Amino acid sequence: MTQLLLFNVTNGLIIGAFYVLMALGLSLIINLSGVINFAHGGFLALGGYLAFTLSPFLGFWGALLVSPLLTAALGLVLERLLIRRLYGRDPLYSLLLTFGLAFIFEDATRFVWGAQGLPVTIPDFLGQPLSPDLFFITWYRLFMVGVVAVSVGGLFLLLRHTRLGIRIRAGTLDLETVSTLGVNVGRLRALNFGVGIFLAGLSGVLAGGQLGLDPTMGAGLLMPSFIAIIVGGVGSLPGTLVGGLLIGVASGVTAVFLPSASEAVMYVLMALVLLARPRGLLGEEGLMT
Amino acid sequence: MTEALHADSLHTYYGKSHILHGVALTVAEGTVTTLLGRNGAGKTTTLRSLVGLTPPREGRVVVFGQDTTRWPPFRIAGLGVGYVPEGRRIFANLTVEENLKVPRGRPGPWQIERIYALFPRLAERRGNRGRQLSGGEQEMLSIARALLLNPRLLILDEPSQGLAPRVVQEVFAIVARMRAEGISVLLVEQNVRMSLAVADHAYVLDDGAIAWSGPARALAADEARVQALAGATAEEWRAEAR
Ligand SMILES: Nc1ncnc2c1ncn2[C@@H]1O[C@H](COP(=O)(O)OP(=O)(O)OP(=O)(O)O)[C@@H](O)[C@H]1O
Ligand SMILES: [Mg+2]
């Protein structure tokens, strides 16, 4: 029983780590540009599939770095051609466009790589369990959590200590004033979008190594990521971090006792949090610090 | 004398409402020009048209000899136009120090150390968040932020609004100081007497059009006109004059 509980808590933490990466990217884009990117899961899947195609040439480590970068590059192209047109418009347009993009991504992935799941080869030593007692925790799982922790840490350092990050935070509050201070806010939004998509691509590679690839893998993470954002408080990135881990663990633990409710529990958690704190756990409108 | 800024027959709209009806004004280089007018006359809209935030639908804006009418705000700022907006609009979620890292600085004398020397209060509070500052400190921060652009033209929208009299004095002292440094200034103010004292030239805006323009001294001497055009009531004017 303890083993089972431990297994599901770790599982929950790992799934939560994916929610966090995905939700942080979504949050960055929502906060600065007001676009709710329903195609985020499509970018995630693309990151995973690119790693599958590239790893024979670059190896796992090369693919781990290059695939998210390529995904982000495609993100920048789409931002330039399409997403940019959504800024300042009714959110309905962003829903229509990014929802459409999500379908295109899914079908394009299916068309290129096929509908059946694909495995991603990870280095042998990462596939080993930590110890016979903890047979369910492989080094790979630990590695994933490590990569997520480093990326989240890196993101927070970027936002706190670089001019780019400081301008993103300022723009979250008042983009117009940022523009009068000589900052090209079109470029600021594009870079910010690129960072968000990089995080999605990275989660895709990591997820592929654990669960294999499937064209719908990103779509399944989208709803929990939105819940993570809402639970943590829209506008607060630390909130998104807490929210992602919380709903991951909650659904992991629930899976032990009532497997059929492991998804519903996220919604219940969200309702409870919103009843107690309508702005979410760390929500303070527009203050993403 | 060359012109820092020249605007011609500006027609500016918010959606369908036609706010500016052919505003024209000039800021001569090295001078302080003040733009006065009643609440809702269109002063802020004029400034927004000049800095690219609400581009005019008709008319022309020329900044240091360049036609900037259709330029985005960041390019206009890049010419050396500092804008201190109405209500200060500092970044409340950032520290003072971070606020000062947002501007894309241009080379020149105004670097962070000189800013802190001019505004010691900001140096003391560099680690505090914008929302923890007093109104006066916020105004100083908003001005400091614009100075980091090393502006050749500084545009201020009601910098003394809501400040204690001592701080108002300080704000006007800064305007005078900028002029002494050779920075051209366009100043929108409710504080008519002090603006006219610091300005070389004055414009009065009414209902989206320039109703009067001339030397600031001439307007200051014409009390009846000031009351009629600048919107100051007789009591306010006399109280200010004391
Ligand atoms: N965003 C907006 N949308 C629609 N109308 C606006 C907007 N901003 C201002 N207006 C209108 O435009 C007119 C001019 O406003 P503006 O803010 O330029 O006046 P002002 O001279 O700066 O006034 P104040 O002294 O109160 O700051 C007003 O009638 C105002 O109601
Ligand atoms: Mg105004």
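Which residue of β7(B) does B:V84 stand opposite? The partner is B:L156. This is a predicted model. The report below starts from that pair and works outward through two sheets, one helix and one ligand.

**The six-stranded sheet**

β6(B) and β7(B), residues 153-157, run parallel and are joined by four bridges. Both belong to an open sheet of six strands in chain B. Its order is β6-β7-β8-β3-β9-β10, and its pairing is mixed. The edges are β6 (81-84) and β10 (209-215) of chain B. Each of these has a single partner strand, so one side of each lacks a neighbour in the sheet. From one strand to the next, the twist averages 15°.

Helix α1 of chain B, residues 43-51, packs on this sheet. It touches β3 (32-37), β6, β7, β8 (184-188) and β9 (201-206) of chain B. The direction of α1(B) makes about 150° with that of β7(B).

Further along the order come β3(B) and β9(B). They run parallel, with five bridges between them. Here B:L35 stands opposite B:Y203 in β9(B). The pairing of β9(B) with β10(B) is antiparallel and has six bridges. In that pair, B:L205 faces B:I210 of β10(B) as its opposite residue. β9(B) and β10(B) also form a hairpin, with two residues between the strands. B:D207 sits in the turn and has a positive phi of about 50°.

One general point helps when viewing any of these strands. In a regular strand, side chains alternate between the two faces of the sheet.

**The four-stranded sheet**

What is the strand order in the open sheet of four strands? It is β2-β1-β4-β5 in chain B, with antiparallel pairing. The edge strands are β2 (17-28) and β5 (66-67) of chain B. Each has a single partner strand, so one side of each is left without a neighbour in the sheet. α1(B) packs on this sheet as well, touching β1 (3-14), β2 and β4 of chain B. The direction of α1(B) makes about 115° with that of β1(B).

β1(B) and β4(B) pair in the antiparallel sense through five bridges. The bridge partner of B:H6 in β4(B) is B:V62. β4(B), residues 58-63, also pairs with β5(B), again antiparallel, over two bridges. There B:V62 stands opposite B:D67. B:V63 stands opposite B:Q66 in β5(B). These two strands form a hairpin with two residues between them. Its turn contains B:F64, which has a positive phi of about 45°.

**The ligand site**

How many residues surround ligand 1? There are 13, and the closest are B:G40, B:K43, B:T44, B:T45 and B:E86. Helix α1(B) gives the largest share of this shell, three residues. By class, the shell holds three nonpolar, six polar and four charged residues.

Oxygen atoms of ligand 1 come close to polar atoms of the protein at the places listed here.

| Residue | Protein atom | Distance to a ligand 1 oxygen |
|---|---|---|
| B:A41 | polar backbone atom | 3.2 Å |
| B:G42 | polar backbone atom | 2.9 Å |
| B:K43 | side-chain N or O atom | 2.8 Å |

Taken alone, ligand 1 exposes 630 Å². The protein buries 59% of that.

**Putting it together**

Helix α1(B) links the parts of this picture. It packs on the six-stranded sheet. It also packs on the four-stranded sheet. And α1(B) supplies three residues to the shell around ligand 1.

Terms used: Residues numbered from 1 in each chain as written. Chains lettered and ligands numbered in written order. Predicted model: local features only at pLDDT ≥ 70, side-chain atom pairs only at ≥ 80, totals over all residues. Heavy atoms only, no water. Pairing = 2+ DSSP bridges. Axes fitted to C-alpha atoms, helices over the stretch in contact; angles between N-to-C directions. Contact = heavy atoms within 4.5 Å. Near = heavy atom within 4 Å. Polar contact = N/O pair within 3.5 Å; in protein donor to acceptor, adjacent residues only side chain to side chain. Areas by Shrake-Rupley, 256 points an atom, 1.4 Å probe, with all protein chains shown as cover. Nonpolar A, V, L, I, M, F, W, Y, C, P; charged D, E, K, R; others polar.
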